[in-house]
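Thank you all for coming. I would like to spend a few minutes on how the chains of this assembly meet one another.

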Amino acid sequence: MEPSEIFARLEKQFAGKVSDFKGDVQEPYFSVDAEAILEICRFLRDDAELKFEILSDQTAVDWPKEEKIQVVYHLYSYAHRHQIVLKVDLSRDNPTIATAEGIWKVANWFEREIFDLFGVIFEGHSDLRRIMLPEDWVGYPLRKDYVEQEEYDGISTQRAPLVDKLMR
Amino acid sequence: MQAYLDQLMQGGAFAGVPREVVYAIGMLLAAFIVLSAFVAPLAGVTSWLERRVWARMQSRVGPNRVGPQGILQWLADGIKNLLKEDIIPTAADKKLFSLAPYIVFMGFLCAFVVIPFGGHLIVADLNIGILYILAVTSLVVVGILMAGWASNNKWSLLGGMRSAAQIVSYEIPAGVSVLMIVFLAGTLSMQGIIKGQGWAPWDWYLFHNPFTFAGFFLYFTAALAEGNRTPFDIPEAESELVAGYVTEYSGMRFLFFFFAEWGNLYVIGAVATTLFLGGWQVPPLAIFENSPMLLAVAQFVTFFLKAYLWVFVAMWIRATLPRVRVDQLMSLCWKYMVPLSFICLLGTVAFMFVPANGQRITSAAMFGLGVAITIIFFLRVGFQIRQAKPELYFKPHI
Amino acid sequence: MGVASYIKDVTDTVKSVFEGMSITFSHLVRRPMTIQYPDKIPVPIQETLPHRYRGILEVDLDICTGCLACERVCPITCITIGIDMNKETKQRDFSHFDIDICKCMYCGLCSEVCPTGSIRHSQEFEGASYNPAGLVRHFAPQPASLYKPKKGGETDPKLAVKVDIGQKYLDEFATPDGGAAAEEK
Amino acid sequence: MNETAQDQDTGFHTEDMTISVGPQHPSTHGVLRFVVKTDGEVISEAIPDVGYLHRSIEKIGEKVTWHGYVPYTDRADYLAAMFANQGFCMAAEKLAATPVTRRGEFCRVIACELNRLASHLISVGTFGQDIGAMTPFVHALRERETINNLMEEICGARLTYNYIRIGGVGYDILPETCTRISEFLDHFAPIVDEFNRLLTGNKIFIERLAGIAVVSKEDALQYNLVGPNLRGAGVKWDIRRDIPYSVYPELEFEIPVGTGHIGTLGDSFDRYWVRIRELQESCKIVRQCLKMLPKGPAISKVARKFKPAVGECYVRVEAPRGDMGFYVISDGSEYPYRVRIRTGSYTAMSIIDKLSKGIMLADLIVLIGSLDVDAPEIDR
């Protein structure tokens with residue numbers, strides 16, 4: 001199924017909850033309302049014509065200028081060999097979204113990583129802990145305005161450069 | 001030994017010293033000589049040879065720097081380990097922790113008492129020799145369990161527990177296989193068993209009948225398991241249990257465990273040789289008749305080479321096979337080896353009623369089978385070499 | 001468990017062990033693959049490395065034009081070049097040309113962009129040092145003048161040799177075609 | 001604490017033992033850690049703990065230029081660096097609509113498949129070592145060493161290649177290198193057979209693998225297993241064939257799928273066996289590529305200041321550990337806006353928690369080895 005058809009189908013099913021379809025890019029995507037993400041994901045997975053049984057990738061992108069963090073879902077269907085990208089915009093101050101763990105189990109770890117590196121809270125997640133960084137790390141490194149803490153457990157996070165600073 | 005001391009005392013030596021003290025000092029001296037002159041180099045050289053053999057089987061070179069072809073590597077390793085810091089973990093049970101290596105070591109060293117290196121070269125030809133060996137080698141399990149428990153480490157504990165289960169289970173097939181030979185020889189004495197066989201291969205118990213032939217492999221497998229060798233090295237399985245019961249050991253204590261393991265290999269080979277391979281029996285050549293010294297040397301060399309062949313086989317098996325899982329180890333023992341060894345035992349007993357002529361024919365046939373298997377094996381080795389296309393062996397830049 | 005499968009298990013085990021042992025035994029008589037390092041080879045190890053080997057960076061300052069292309073392209077910023085105006089000769093001089101080998105990840109980007117082949121990967125790879133500062137290579141210990149390529153080829157014979165070495169390096173290593181394009185011509 | 005009915009029967013009080021497997025453990029390849037709760041030898045739970053090798057490669061991607069990021073992608077999975085190179089370069093080419101020369105594509109495939117050989121060899125080799133067979137491990141590494149030598153000849157590095165560049169490949173494969181590669185392949189084919197006779201056919205090895213840690217097809221899809229792990233579960237899915245890229249459509253190769261002929265479909269043996277057969281398939285691919293290698297430049301003209309158009313793309317490549325996805329966003333500047341690397345080991349690691357329930361401690365090692373999880377790829 002073509003991405004535009006998928007979008008049309010979803011628009012019919014979930015009027016007003018999906019928007020901004022972009023079809024003329026490399027991977028066509030559309031935006032989804034944060035509240036509706038669970039039901040749309042479940043529909044995408046279970047509908048016989050769509051059958052997106054694979055959550056290829058789930059990640060987030062920080063857009064400080066637009067004041068949003070975008071959670072991106074890359075879905076793929078082995079049965080129908082089509083793919084679609086969902087984007088959910090969240091506020092940067094309090095990014096909260098429902099977990100997709102119940103739909104694709106792999107989302108468990110993807111969401112942990114997003115929580116770790118972006119600070120997005122996934123409501124209903126069974127095990128929302130930091131995964132890459134230590135439990136007591138401060139800040140969310142993949143946010144654009146992240147500043148590394150100066151020391152961690154008494155160890156400096158910086159190393160003095162051995163060669164002089166660049167003179168460009 | 002005792003007779004020799006008696007002789008000395010009659011000659012007037014050690015006047016005024018109580019007889020028992022002389023005996024005790026004499027035994028200690030003998031033990032020291034055996035330990036330092038035979039067992040230590042043996043275990044050491046075995047460790048070096050194992051690494052070399054292993055390396056060659058893996059297309060490597062192996063340790064070849066210390067001494068000619070690296071033969072003194074074991075000395076360097078020993079000195080290194082002696083100089084290392086002896087660490088006893090704070091939470092360990094200090095007494096048991098320090099004691100365990102010695103118990104393991106003692107278990108294997110005591111076996112040397114009854115190993116018949118030659119017609120007269122034996123410390124004590126006990127009339128229950130083989131039973132004694134089975135008994136003292138089981139002491140090892142006490143030491144290993146002690147090490148595993150006293151280390152206060154979960155890996156060590158798991159290793160110790162595995163070892164206990166393993167060694168106790170494999171005593172049974174090993175014991176039954178030994179029993180087979182005891183029935184045939186009618187004695188438990190090591191020298192008696194050897195004297196029951198001849199110098200020629202077809203006179204060996206190995207080729208006595210099909211059941212002893214199978215029994216030999218059962219014994220060897222069970223002995224490998226008792227010696228914690230691959231494929232049964234699950235107590236120290238380094239990819240699962242880090243190092244098993246030796247995880248917390250370091251320096252000399254660590255070395256003692258491996259000393260015992262490599263020495264034990266020789267004990268396995270020696271017992272197999274005694275039971276199945278005719279021991280020190282040499283052909284009755286004319287030159288031996290006038291020279292007991294030469295005879296003793298020939299017997300010692302024969303026995304040593306036969307026993308060492310099985311040490312080599314154990315190294316070779318270690319280089320070849322993966323490790324079994326702990327439950328598979330148990331099922332291998334109880335489902336396969338125990339029934340098979342009992343079948344072999346019954347078969348041997350039944351075979352004892354076969355008339356002497358029939359026995360001789362069977363021996364010859366079994367010897368033929370043995371030779372055939374060896375020939376097939378070497379043909380297969382040739383096939384493997386041809387199959388790997390050595391002419392295409394890829395040469396690196398160098 | 002049937003008797004047949006029981007027997008099959010036993011024979012399978014015996015057969016596969018036999019097979020495996022024949023393979024390991026056959027390796028006893030094959031040539032080992034390893035070599036004695038670092039001695040016991042007829043030539044120094046550096047000479048056995050392929051031409052494109054990316055070892056520790058070296059700079060031939062005599063033919064460096066000071067274009068700073070390597071400094072800009074370095075993703076890890078381990079190269080720093082300082083160029084000052086020499087007041088006496090009114091020419092630009094290198095004040096320093098340092099490479100932090102600690103940081104360098106041997107990606108080869110710098111030697112590819114170099115127009116004269118002055119910065120290049122040597123065949124050297126043993127870079128152990130007692131402290132990190134020992135791994136900083138100073139290629140311009142005292143101020144040195146920049147190289148100016150002359151039209152119509154280099155005339156100074158000493159420099160000409162170096163220019164040729166650099167050009168040869170560029171042709172054989174840094175050009176993406178690896179000489180294949182030249183072959184076609 | 002886990003009181004079972006048996007405890008009440010015997011009156012004994014037993015507790016679960018908590019063991020920390022790793023990060024320094026001989027068979028957690030690299031630095032993985034599992035908090036394992038066991039009842040004796042039987043695992044009741046193994047909780048993976050990752051992050052010991054986190055090098056923030058995704059963050060670095062936002063700070064270096066497009067060309068400069070290629071050597072960093074090497075480090076994402078240093079056992080199969082070529083694929084990360086290719087994935088990122090494909091993403092950049094897609095964004096900037098840069099053409100790739102035909103010779104460049106073939107050079108890429110040759111290098112990638114050689115790299116796949118090297119990666120699978122280390123995977124099956126260390127798998128043997130985990131189970132206690134040391135000799136196959138060294139034999140596998142011996143062959144990998146020759147591949148490393150070939151790689152050194154092709155691009156000058158043994159592990160972190162930085163070979164594939166935006167627009168093609170950095171260095172052309174020379175004719176003499178081609179000869180050496182085909183010589184190596186002639187030598188390698190019988191070695192794989194020997195490896196099979198030595199290890200794969202071994203009864204103990206089969207017993208250790210067959211029926212252990214079975215991944216059903218549903219689980220494989222739910223947990224998004226990819227690559228040999230997915231194919232081992234019986235799903236015939238290979239990016240090279242199903243979402244074709246590069247010149248793979250022109251090449252003939254099979255996609256090995258788990259059959260469950262020994263044990264159960266989707267068990268450890270199937271995953272292992274898929275890898276072994278992929279070795280042979282990769283040899284086939286390299287042979288074809290060497291024959292078809294066209295003349296021409298190896299890289300197309302790409303600006304030094306590479307600035308792709310604003311946009312985003314998601315590119316998949318079939319790495320040895322499965323689908324490696326590169327989600328790259330460009331804001332039109334000299335630096336990528338966001339680079340996301342989605343790796344096969346990461347999802348494979350997340351299934352271990354589920355599969356480890358009720359297996360033995362020794363099987364956990366088999367499970368880790370058969371999923372071929374690779375610490376650098378998980379943590380990035």
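What follows is a walk through the contacts between chains, taken one pair at a time.

Please keep in mind throughout that this is a predicted model. Which chains share the most contacts? Of the five pairs of chains that are in contact, that place belongs to chains B and D, and I will therefore begin with them, taking two residues to be in contact if their C-beta atoms, placed from the backbone, lie within 7 Å.

The contact between these two chains takes 36 residues from chain D and 32 residues from chain B. On the side of chain D that touches chain B, the elements giving two or more residues are the strand β1 (17-21) and the helices α5 (102-131), α6 (134-155), α7 (175-200), α8 (203-209) and α15 (361-371), each of them in chain D. The largest share of that side, eight residues, comes from α7(D), and by class the side has 16 nonpolar, 11 polar and nine charged residues.

Turning now to chains B and C, their contact takes 19 residues from chain B and 21 residues from chain C. Here, on the side of chain B that touches chain C, two or more residues come from each of α2 (19-57), α12 (292-320) and α14 (356-387) of chain B, with α14(B) giving the largest share, five residues. By class, this side of chain B has 12 nonpolar, four polar and three charged residues.

Finally, a pair without an interface: chain A and chain B do not touch, and their nearest C-alpha atoms are 25 Å apart.

Technical notes. Residues are numbered from 1 along each chain as its sequence is written. Chains are lettered from A and ligands numbered from 1 in the order in which they are written. This is a predicted model: local features need pLDDT of at least 70, side-chain atom pairs count only at pLDDT 80 or more; totals for chains, interfaces and linings use all residues. Helices (H or I, at least four residues) and strands (E, at least two) are DSSP runs, numbered from the N terminus. Ala, Val, Leu, Ile, Met, Phe, Trp, Tyr, Cys and Pro count as nonpolar, Asp, Glu, Lys and Arg as charged, and the others, Gly among them, as polar.
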